[in-house]
Amino acid sequence: MNIHKFFPNPLFQGPSPRARLIRMRTLTRLRWFAVSGQLLVILFVRVGLGYEVPVGPVLAAIAVGVWFNLYMIFTAMPAHILQPPQLVRHLCFDVAQIGTVLFLTGGIHNPFCVWLILPAMLAASSLERRSALMVMGMVILTLTGLTIWHLPLPWGAQGLSMPLIYDVGTWLAMLLGIGFTASYAHKLATDQSKLSTALETTQNVLAREERLTALGGLAAAAAHELGTPLGTIQVTAKEMERELPDGPLKEDARLLLSQTQRCQRILHRLADTGKAVDARHSVMSLEEILREAAHPFLKDTPIRVEFAFDATCQTKAPEELTRKPEVIYGLRTLIENGIKFADKAVRLTAWWDNDTVLITIEDDGPGFPPDVQLRLGEPYPHADAGKEPQAKQGLGLGVFISKTLLERTGAQLNFGNKKQLGGAWVEVSWPLVNLTE
């Protein structure tokens, strides 16, 4: 399976909308948290600290947020998925509502202006680039307006006057905070989306392998069940051919006999496949597992696949290992990667003792790039696209799927460069008991 691909990752260009959905319930809960916090802070400043606050206008701005939230609760299902245009409108409303409260209570001097980071963070983690930048642009415009125009911060009879340099510094710090938080939230959402997609692909691959194995068993059962009636038809056709005089009926009997024999040959091929599948379901030797994993690459490829069984092993090679689709497909994907990057040869080396089985897959290619080697096993690590031709790019999703499948069987994987063949190598080791269960 060739699913290696180069995935660019510029700012705000990442996970698909399917992986970044926000439900109405989530947004209304966040809004309840915001308006509750605003109300508690205003009451504490006015009643607890005794500062003069324009309570009426502030409560009116908070009431608008409450009314809007109640309206959405009664008109939309809690599980309703917000489409990008809807989410943009909701976040812009929140920016305007928070900005109004901040305008009435000191603007940029109000320490709670950090509330403006929340809509920007939600936009960066949930929207595509254009929509996210639209919300962030409104946040920046609101923050800039609050720096220039705002009512005084409640601060006793004398009020509070800050120098211009302080206001500019606060504005710049807020911009940096919004940019950093939004970028970090976007990166997390992107990685989560990639991981979800890769895990879904892994499950699909394993399910396909299991369906193919089950199909082979079904073919064997069908061949066995159809053998008896076809044998009866063949015997009857022979009797008819022998007893009928020369003529059209005898020719029909010969045709029936020949077609019956053809059906039997087809059933024999199905039965042979079924026997192989039955053997796979029971036990296989270590060599058989390696050869089945490498089978698609033993013919019609310029790369030579070598098998080596370590002569230093003190015990006989394991002969009764359980055939597991995860092991076969995981090794096959690693072998495919080796063939993709090899110059002439890929070598599969097996080592074992009474407790452990170790398989090494190495090639004579250029090896893993340094910036990729440390991230192998993640969904989409890649080297600089400009350093390698397109045919040589990509190590991510295939290695991730292989690593995930093999680790499900208790395997441990190690990656490196420059063993005997001088290229990349992968070591896969299991406790022997994990391959015999």
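Start your tour of this predicted model by selecting W171: leaving aside its neighbours within four places in sequence, W171 is in contact with I108, L143, T144 and T147. Show the side chains of those residues so you can see the contacts around W171.

Now colour residues 164–243. This stretch is helix α6, and W171 sits in it. Is W171 buried, exposed or partly exposed? Switch on the surface to look: W171 is partly exposed, because its relative accessible area is 26%, and partly exposed covers values between the 20% and 50% cut-offs.

Next, add H109 to your selection. H109 and W171 are 62 residues apart along the chain, yet 9.7 Å separates their C-alpha atoms.

Time to visit the sheet. Which order do its strands follow? Reading across, you will meet β1-β2-β3-β5-β4, 5 strands that make an open sheet with mixed pairing. Select 304–309 for β1 and 412–417 for β4; these are the edge strands, each pairing on one side only. On average, neighbouring strands here are turned by 15° against each other, direction ignored.

Helix α8 is your next stop, at residues 286–294. This helix packs on the sheet and touches β1, β2 (345–352) and β3 (356–363). Compare directions too: that of α8 makes about 165° with that of β1.

Finally, go to β4 and select its partner β5, residues 424–431. The two strands run antiparallel, joined by 6 bridges. Strands of a sheet pair through backbone hydrogen bonds, so turn on the backbone atoms for this view. To finish, pick N414 and look across to β5, where E427 stands opposite.

Key
Residues numbered from 1 in each chain as written. Predicted model: local features only at pLDDT ≥ 70, side-chain atom pairs only at ≥ 80, totals over all residues. Heavy atoms only, no water. Pairing = 2+ DSSP bridges. Helix = DSSP H or I, 4+ residues; strand = E, 2+ residues; numbered from the N terminus. Axes fitted to C-alpha atoms, helices over the stretch in contact; angles between N-to-C directions. Contact = heavy atoms within 4.5 Å. Buried < 20%, exposed > 50% of the residue type's maximum accessible area, 1.4 Å probe, protein only.
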